[in-house]
Amino acid sequence: MRKLTVITFLGIFITVAVLVQSCKKDDPVPSEFIATDATFANFDALHLHTTKQGVDPANGGLHDNNDATVTRKVFIKDDASLVDGQYPVGTVLVKHSYNPDLAFNQITAMVKRGNNFDAGFGNWEYFMLQPDGKIAKDAGGNLMRGAKLFNGMCQNCHVGASAKDFVFSK
């Protein structure tokens, strides 16, 4: 009888443990991600998605030094991909464009911010970065970030990739 009680108790314990474990929720998906300098630190260690050389037809005349000497590297944190037509909140893309002598050395980024940050344009926030990955500042000391960075130039260009959640490179 005592053996049966122990077996029954163990059976109940295991059943309860399995039920509790199966009811645990996965880590919640963040509703908003706000990038900081730390987000872009060591950006060149992120997943290198693509490297291209020469004129980028998507850039047109919007980016300086869009010529045959320019190399563009696109890095994507965790190689994020579209999920149901959208990139997940917290997706980080960094584009490093430079020429051989680094006379032109431009680092731009976009982060899927979420939380209706800029819902009409995919909730992306755009950034200019310094070579060390810190968010650049303009002549007035203001951080160079936002949905309307450069009077909406980033946003208005990326509309051309709206079918891919405003991302050209993937």
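The questions and answers below go through the sheet, the cores and some single residues of a predicted model.

Residues are numbered from 1 along each chain as its sequence is written, and side-chain values use heavy atoms, with hydrogens and water left out. In this predicted model local features need pLDDT of at least 70 and side-chain atom pairs count only at pLDDT 80 or more, while totals for chains, interfaces and linings use all residues.

Reader: Which strands are the edge strands of the open sheet?

Author: Helices (H or I, at least four residues) and strands (E, at least two) are DSSP runs, numbered from the N terminus. Six strands form an open sheet in the order β1-β2-β3-β4-β5-β6, with antiparallel pairing; two strands pair if DSSP finds at least two bridges between them. Those that pair on one side only are the edge strands, β1 and β6.

Reader: Which residue in β5 stands opposite T108?

Author: β4 and β5 run antiparallel and are joined by six bridges. Opposite T108, the residue in β5 is M128.

Reader: What angle does the direction of α3 make with that of β5?

Author: α3 packs on the sheet and touches β4, β5 and β6, where contact means heavy atoms within 4.5 Å. Axes are lines fitted to C-alpha atoms, for helices over the stretch in contact, and angles run from 0 to 180 degrees between N-to-C directions. Between α3 and β5 the angle is about 120 degrees.

Reader: Which element gives the most residues to the largest nonpolar core?

Author: A nonpolar core is a set of buried Ala, Val, Leu, Ile, Met, Phe, Trp, Tyr and Cys residues joined through side-chain atoms within 4.5 Å; buried means under 20% relative accessible area, exposed over 50%, partly exposed in between (1.4 Å probe, protein chains only). The largest such core has 15 residues, and L93, M110 and W124 are among those with the most contacts inside it. Two or more residues each come from β2 (71-76), β5 (124-129) and α3 (149-158). With three residues, the element that gives the most is β5.

Reader: How many residues are in the second, separate core?

Author: This core includes F40, L46, V92 and I107. Its number of residues is 13.

Reader: Is K112 buried or exposed?

Author: K112 has its place in strand β4. Its side chain makes a polar contact of 3.2 Å with that of Q86, and one of its side-chain polar atoms lies 2.7 Å from the backbone oxygen of G122. A polar contact is a pair of N or O atoms within 3.5 Å; within protein, one must be able to donate a hydrogen and the other to accept it, and residues adjacent in sequence count only if both atoms are side-chain atoms. Because its relative accessible area is 4%, K112 counts as buried.

Reader: How far apart in space are T50 and R72, C-alpha to C-alpha?

Author: T50 is in strand β1 (residues 47-53), and leaving out residues up to four places away in sequence, T50 touches R72, K73 and V74. T50 and R72 are 22 residues apart in sequence. The C-alpha to C-alpha distance is 8.0 Å.

Reader: How many disulfides does a search of the whole structure find?

Author: A disulfide is a pair of cysteine sulfur atoms within 2.5 Å. For C154 the nearest cysteine sulfur, that of C157, is 8.1 Å away. C154 is buried at 17% relative accessibility, and C157 is buried at 18%. Over the whole structure, the number of disulfides found is zero.
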